Amino acid sequence: MRELLAEQRSAKGWSQGDLAMRLHALSGNDSVTREEISRWERGKRIPGPYWRSWLSRVLDTPCAELELAAAVTRSRRRSAERESTG
């Protein structure tokens, strides 16, 4: 997920702040910030279905692609957690 978001954003020449501003303008929801975009891109958090839907529209990326990226990220996290505890 993090690579996809950063690549899509960078390809448009947008900063993290630009993306947050565009998400706010389109969704009408100002709860997403540049800091949250940074967390998504660093893999600290995975955007939920609500934000994935808006990201799809803003980045002009198929929602299915974002859903797959989120699923892969979750799977990698679970594997890493199992390795660190096992």
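Q: How do helix α1 and helix α3 pack, and at what angle?
A: Start with the two axes, then look at the angle between them. In this predicted model, helix α1 (residues 2-11) and helix α3 (residues 34-42) have axes 6 Å apart, at an angle of about 125°. An angle of 65 to 115 degrees would count as roughly perpendicular, and one over 145 as roughly antiparallel. α1 and α3 are therefore oblique to each other.

Q: Which residues make the contact of α1 with α3?
A: List the residues of each helix, then sort them by class. From α1 come Arg2, Leu5, Ala6 and Arg9. From α3 come Trp40, Glu41 and Arg42. The classes are three nonpolar, no polar and four charged residues.

Q: Trp40 is found in helix α3. Is Trp40 buried or exposed?
A: Check the relative accessible area. Buried means under 20%. Trp40 has 2% relative accessibility, so Trp40 counts as buried.

Q: What is Trp40 in contact with, beyond its neighbours within four places in sequence?
A: Trp40 is in contact with Arg2 and Leu5. The list goes on with Leu23, Val32, Arg45, Ile46, Pro47, Trp51 and Leu55. For distance along the chain against distance in space, take Met1. Trp40 and Met1 are 39 residues apart in sequence, but their C-alpha atoms are 7.6 Å apart.

Q: How many aromatic pairs are there?
A: Ring pairs are judged by centre distance and plane angle. The count here is three aromatic pairs. Take Tyr50 and Trp51. Their ring centres are 4.9 Å apart and their planes stand at 85°, so the pair is edge-to-face; planes over 60 degrees apart count that way.

Q: How do the rings of Tyr50 and Trp54 pair?
A: Apply the two readings again. The centres are 6.4 Å apart and the planes are at 65°, so Tyr50 and Trp54 are edge-to-face. The pairing limit for centres is 6.5 Å. Now add the sequence. Tyr50 and Trp54 are four residues apart in helix α4 (residues 49-59), and are therefore separated by about one helical turn.

Q: Which residues form the aromatic cluster, and how accessible is Tyr50?
A: Trp40, Tyr50, Trp51 and Trp54 form one aromatic cluster. Tyr50 is partly exposed, at 39% relative accessibility. Trp51 is buried, at 11%. Trp54 is buried too, at 16%.

Q: Where does a charged end sit over a ring?
A: Look for Lys or Arg placed over an aromatic ring. The charged end of Arg57 sits over the ring of Trp54, 4.4 Å from the ring centre. The charged end of Lys12 sits over the ring of Trp14, 5.7 Å from the centre.

Q: At what angle do the axes of α2 and α4 cross?
A: Read the axes as before. Helix α2 (residues 16-27) and α4 have axes that come within 10 Å and cross at roughly 105°. That makes α2 roughly perpendicular to α4.

Q: Which residues of α2 meet α4?
A: On the α2 side they are Leu19, Arg22, Leu23, Leu26 and Ser27. On the α4 side they are Tyr50, Trp51, Trp54, Leu55, Arg57, Val58 and Leu59. By class, the contact of α2 with α4 has nine nonpolar, one polar and two charged residues.

Q: Which phi does Asp60 have, and where does Asp60 lie?
A: Read the backbone angle together with the location. Asp60 has a positive phi of about 55°, although it is not a glycine. Asp60 lies in the loop between α4 and α5 (63-85). Asp60 is exposed, with a relative accessible area of 67%.

Q: What is Asp60 in contact with outside its neighbours within four places in sequence, and how far away is Met1?
A: With those neighbours left aside, Asp60 is in contact with Lys12 and Leu55. Asp60 and Met1 are 59 residues apart along the chain, and their C-alpha atoms are separated by 15 Å.

Q: Where is Ser10 found, and how far is Ser10 from Ser56?
A: Place the residue first, then compare the two distances. Ser10 is found in helix α1. Ser10 is partly exposed, with a relative accessible area of 46%. Ser10 and Ser56 are 46 residues apart in sequence and 15 Å apart in space, C-alpha to C-alpha.

Technical notes: Residues numbered from 1 in each chain as written. Predicted model: local features only at pLDDT ≥ 70, side-chain atom pairs only at ≥ 80, totals over all residues. Heavy atoms only, no water. Phe/Tyr/Trp six-rings, centres within 6.5 Å; stacked < 30°, edge-to-face > 60°. Buried < 20%, exposed > 50% of the residue type's maximum accessible area, 1.4 Å probe, protein only. Helix = DSSP H or I, 4+ residues; strand = E, 2+ residues; numbered from the N terminus. Lys NZ or Arg CZ within 6 Å of the ring centre and 35° of its normal. Axes fitted to C-alpha atoms, helices over the stretch in contact; angles between N-to-C directions. Parallel < 35°, antiparallel > 145°, perpendicular 65-115°, else oblique. Contact = heavy atoms within 4.5 Å. Nonpolar A, V, L, I, M, F, W, Y, C, P; charged D, E, K, R; others polar.
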